[in-house]
Amino acid sequence: MNIILLGPPGAGKGTQADLLEQEFKLAHISTGDMLRNEMAEGTPLGLKVKSIVESGQFVSDEVMIDLIKSRTLKADCAQGFILDGFPRTESQAEALDVMLQERGVKIDAVILIEVDAEQIVARLASRRAPDGSRRADDEPETVRRRIQVYKDQTAPILPYYENAGRLRRVDGMQSLEAVHASIVAALGLDK
Ligand code: ADP
């Protein structure tokens, strides 16, 4: 089963993808984590994208599509994958469909986690990694920029999936467990 998780920054996509990964043995593909790893390791790609990511803007579609093309070919994706953070623009959504079609694979479900924008700013302002560190792009001002970029560039892809009857909405303003249960039900895996 291949799944796309959509939703604004701070919607809890990463947490929910981890839960789905554990329960259903699907590969969790977080483009944000992939880019942060490249940045931490100081790879050529990491150096190229660092200032873009830290300011809350989007990396180019071309770079992101190439990353996803190679990542989804890895062995851990054989049972299926969860895309978290991709696609984020209309051209990424279209490129993804073309790529999967060429491989004879499809996306089984697109889940939109809906949350309230103001609560996101508060949520991300207090977010910390397990070691206590904070993401450079979790500063309130940058979070607001990320929410605006989401509205301008990512929200327009919702009709792309909605018109094809592929979008399922889940209320993200519940407890982690309740959101997880809602996603599992939306995927029809709760039987
Ligand atoms: P969020 O917590 O805002 O959902 P992510 O951790 O998924 O953020 O991504 C962090 C940053 O990485 C984004 O703000 C953006 O700069 C970059 N990024 C991640 N995925 C993509 C993508 N598909 N297209 C362009 N940029 C991306």
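Which helix gives the largest share of the shell around the ligand? Let's find out by walking through this predicted model.

**Stop 1: the ligand and its shell.** Select the ligand, then the residues that surround it: there are 19. The closest are Thr31, Arg36, Gln57, Gly85 and Arg146. Now colour helix H2, residues 31-41: this helix answers the opening question, since 4 residues of the shell come from it, the largest share. If you colour the shell by class instead, you will find 7 nonpolar, 5 polar and 7 charged residues.

**Stop 2: polar atoms facing the ligand.** Show the side chain of lysine 13, where an N or O atom sits 3.3 Å from an oxygen atom of the ligand. Next, pick arginine 88: one of its polar side-chain atoms is 3.0 Å from a ligand nitrogen. Then add glutamine 92, whose side chain places an N or O atom 3.0 Å from a nitrogen atom of the ligand. Turn on a surface here if you like: on its own the ligand has 550 Å² of accessible area, and the protein covers 96% of that.

**Stop 3: two tyrosines.** Leave the ligand and look for the aromatic pair; the structure holds 1. Select tyrosine 160 and tyrosine 161, whose rings meet edge-to-face, with 5.1 Å from centre to centre and 80° between the planes. Are these two side by side in the sequence buried or exposed? Tyrosine 160 has 28% relative accessibility, so it counts as partly exposed. Tyrosine 161 is at 0% relative accessibility and therefore counts as buried; the cut-off for buried is under 20%.

Key: Residues are numbered from 1 along each chain as its sequence is written. This is a predicted model: local features need pLDDT of at least 70, side-chain atom pairs count only at pLDDT 80 or more; totals for chains, interfaces and linings use all residues. Side-chain values use heavy atoms; hydrogens and water are left out. A residue is near a molecule or strand if one of its heavy atoms lies within 4 Å of it. A polar contact is a pair of N or O atoms within 3.5 Å; within protein, one must be able to donate a hydrogen and the other to accept it, and residues adjacent in sequence count only if both atoms are side-chain atoms. Accessible areas come from the Shrake-Rupley method with a 1.4 Å probe; for residues, only the protein chains shown count as cover. Helices (H or I, at least four residues) and strands (E, at least two) are DSSP runs, numbered from the N terminus. Ala, Val, Leu, Ile, Met, Phe, Trp, Tyr, Cys and Pro count as nonpolar, Asp, Glu, Lys and Arg as charged, and the others, Gly among them, as polar. Rings of Phe, Tyr and Trp (its six-membered ring) pair if their centres lie within 6.5 Å; planes under 30 degrees apart count as stacked, over 60 as edge-to-face and the rest as tilted. Buried means under 20% relative accessible area, exposed over 50%, partly exposed in between (1.4 Å probe, protein chains only).
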